[in-house]
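Here is a friendly walk through one structure, by way of questions and answers. Keep the 3D view open as you read.

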Amino acid sequence: MTLTYQNPLPIKNIGDPFVLRAPDGTYYCYATSAPDGFKAWTSPDLVHWTDASYVYKRQPDSWGESDFWAPEVVLYDNKYFMHYSARWGRNQSLRIGVAIADSPAGPFVDVFNHPMFDFGYAAIDGHIFFDDDGRSYFYYSRDCSENIVDGRHESHLYAAELDDDLISFKG
């Protein structure tokens, strides 16, 4: 007896999928999906999906130049926060950006015209964790593209407590 389900999703050529369930019950799938931003798909049931097109698109003055990867979206204080990875045009290094929208369908607009933070190394794959005690934490990876330890490219996981604005760190 097979206990799996397979459906021929219309979602193709993506990476790093992230699914959010909006308050109205609609599911949104955000993914590495376009050279200049992020597309999304919606579903009422996680089986039938509709292309929602771009939810974030690089603007001419965007800090991120290419390699738009791994978007994750959370609802907080009646706003939708998208944290994503992109290649910074200033130094061609990967960094994490943050964009905000009033709707899970976007459009998401960058909070800053620079990465969320710059600790001097490539950082990717941001994720917010909301703790039961009300505090929130930001997890991310120090990317192996620039982190060479004893001749090996290594990625390391980091975490830091976020301020209540979800765009800056405490301390």
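Q: Are F138 and F169 buried or exposed?
A: F138 is buried, and F169 is buried too. Keep in mind that this is a predicted model.

Q: What makes W63 and Y84 a stacked pair?
A: Two values decide it. The ring centres of W63 and Y84 are 6.0 Å apart, within the 6.5 Å needed for a pair. Their planes stand at 20°, which is under the 30 degrees cut-off, so the pair is stacked. The two partners come from distant parts of the chain: W63 is in the loop between β4 and β5, Y84 is in strand β6, and 21 residues separate them.

Q: Why is W63 called buried?
A: W63 has a relative accessibility of 4%. Buried means under 20%, so W63 counts as buried.

Q: How do you know whether Y84 is buried or exposed?
A: Use the cut-off of 20% again: Y84 has 0% relative accessibility, so Y84 counts as buried.

Q: Why is the pair of F138 and F169 called tilted?
A: The centres are 6.1 Å apart, within 6.5 Å, so the two rings form a pair. The angle between the planes is 55°, which is neither under 30 degrees nor over 60, so the pair is tilted. This pair also links distant parts of the chain, with F138 in strand β10 and F169 in the segment after β13, 31 residues apart.

Q: Which residues form one aromatic cluster?
A: The cluster is made of F117, F119, Y121, F138, Y140, Y158 and F169. In the whole structure, a search finds 21 aromatic pairs.

Q: What makes us say that the charged end of R142 sits over the ring of Y121?
A: The charged end of R142 is 4.2 Å from the centre of the Y121 ring and sits over that ring. The distance part of the rule asks for a value within 6 Å, so 4.2 Å passes. The charged end of K57 sits over the ring of Y54 in a similar arrangement, at 4.4 Å from the ring centre.

Q: Why does F129 count as partly exposed?
A: F129, in strand β9, has 35% relative accessibility. Partly exposed lies between 20% and 50%, so F129 belongs there. Together with Y139 and L157, F129 makes a nonpolar surface patch of about 300 Å².

Q: How do you know that D67 and R87 form a salt bridge?
A: The N to O distance between their side chains is 2.5 Å. The cut-off is within 4 Å, so the two meet in a salt bridge. D67 lies in strand β5 and R87 in strand β6, 20 residues apart.

Q: What makes R135 and E161 a salt bridge?
A: Their N to O distance is 3.9 Å, and the rule accepts a value within 4 Å, so the pair counts. Here R135 is in the loop between β9 and β10, while E161 is in strand β13.

Q: Why is R152 called exposed, and why is E154 called buried?
A: R152 has a relative accessible area of 52%, over the 50% cut-off, so R152 is exposed. E154 has 15%, under 20%, so E154 is buried. The side chains of R152 and E154 meet in a salt bridge at 2.1 Å, N to O. Elsewhere, salt bridges that share partners join D133, R135, E161 and K170 into one network.

Notes:
Residues numbered from 1 in each chain as written. Predicted model: local features only at pLDDT ≥ 70, side-chain atom pairs only at ≥ 80, totals over all residues. Heavy atoms only, no water. Helix = DSSP H or I, 4+ residues; strand = E, 2+ residues; numbered from the N terminus. Buried < 20%, exposed > 50% of the residue type's maximum accessible area, 1.4 Å probe, protein only. Lys NZ or Arg CZ within 6 Å of the ring centre and 35° of its normal. Patch = residues over 30% accessible without salt bridge, like charges linked within 9 Å, V, L, I, M, F, W, Y side chains within 5 Å. Areas by Shrake-Rupley, 256 points an atom, 1.4 Å probe, with all protein chains shown as cover.
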